[in-house]
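Here are my notes on this one, as numbered points you can check against the coordinates. Shout if any of them looks off on your side.

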Amino acid sequence: MLKEKIEADLKEAMKSGDDVRRSSLRMLISAIRNKEIDLGKKEAGLSDEEAAAVVRSEVKKRKEAIEEFKKGGREDLVQKELMEYKVLEE
């Protein structure tokens, strides 16, 4: 399942010391767990399709944040969001 792959990627990021990847994947797992709670599927978990929808939603959030930070002239935050975006795109 997709959730297990994300959790395995998180473990690998923690072992390798990749802070950006680790924090991005933790945020994604949190979003998936929140969706499980919202849908009442905490025990069963989300299907791969539902988990993929959460990933797409988080990617969309990053795209929107990048645009807003560019408009505001916050290049530091643009770079942070871009790094998270790249991790989520994988």
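1. Let me start with Asp-48. Setting aside neighbours within four places in sequence, Asp-48 is in contact with Met-1 and Leu-2, where contact means heavy atoms within 4.5 Å. Asp-48 sits in helix α3 and is partly exposed, at 40% relative accessible area. For the cut-offs, buried is under 20% relative accessible area, exposed is over 50% and partly exposed lies in between, using a 1.4 Å probe and protein chains only. Going the other way, Met-14 is 34 residues from Asp-48 along the chain, and their C-alpha atoms are separated by 24 Å.

2. Ground rules before the rest. This is a predicted model, so to speak with filters on: local features need pLDDT of at least 70, side-chain atom pairs count only at pLDDT 80 or more, and totals for chains, interfaces and linings use all residues. Residues are numbered from 1 along each chain as its sequence is written, and side-chain values use heavy atoms, with hydrogens and water left out.

3. Overall layout. The protein has 4 helices and 0 strands, in the order α-α-α-α along the sequence. Those are DSSP runs numbered from the N terminus, with helices being H or I of at least four residues and strands being E of at least two. The C-alpha trace spans about 45 × 30 × 15 Å along its principal axes. As for the contacts with a separation of 6 or more, 46% are between residues 24 or more positions apart.

4. Surface and charge. Of the 90 residues, 31% count as buried. About 6100 Å² is exposed, with carbon and sulfur atoms supplying 50% of it; the areas come from the Shrake-Rupley method with a 1.4 Å probe, and for residues only the protein chains shown count as cover. There are 21 positive and 22 negative side chains, and the centres of the two sets lie 1 Å apart. In that tally Lys and Arg are positive, Asp and Glu are negative, and His and the chain ends are not counted. Each charge is placed at NZ of Lys, CZ of Arg, CG of Asp or CD of Glu.

5. The core. Which residues touch the most other members of the largest nonpolar core? They are Ile-6, Leu-25, Leu-28, Ile-32, Val-54, Val-55 and Val-59, out of 17 residues. At least two core residues come from each of α1 (2–16), α2 (19–39), α3 (48–71) and α4 (75–89). A nonpolar core here is a set of buried Ala, Val, Leu, Ile, Met, Phe, Trp, Tyr and Cys residues joined through side-chain atoms within 4.5 Å. As background, nonpolar side chains in soluble globular proteins tend to be buried together.

6. Ile-32, on α2. Ile-32 belongs to helix α2 and is buried, with a relative accessible area of 2%. Beyond four places in sequence, Ile-32 is in contact with Lys-3, Ile-6, Leu-46, Ala-51 and Val-54. Its C-alpha is separated by 10.0 Å from that of Glu-58, 26 residues away along the chain.

7. Helix α3. This helix has 24 residues and reaches 35 Å from first C-alpha to last, close to the 34 Å expected at 1.5 Å a residue; the expected span is 1.5 Å times one less than the number of residues. The buried residues of α3 include Ala-51, Val-54, Arg-62 and Ile-66, and the buried set packs against α1, α2 and α4. Just after α3, Gly-73 takes a positive phi of about 75 degrees.

8. Glu-58 and Val-59. Is Glu-58 buried or exposed? Glu-58 counts as buried because its relative accessibility is 7%. Outside its four-place neighbourhood, Glu-58 is in contact with Met-27, Leu-28, Ala-31 and Leu-88. With the same kind of neighbours left out, Val-59 touches Tyr-85, Leu-88 and Glu-89.

9. Helix α4. With 15 residues, α4 reaches 21 Å from its first C-alpha to its last, close to the 21 Å expected. Val-78, Glu-81, Glu-84, Tyr-85, Val-87 and Leu-88 are buried in α4, and the buried residues pack against α2 and α3. Val-78 has a relative accessible area of 1% and, beyond four places in sequence, is in contact with Ile-66, Phe-69 and Lys-70.
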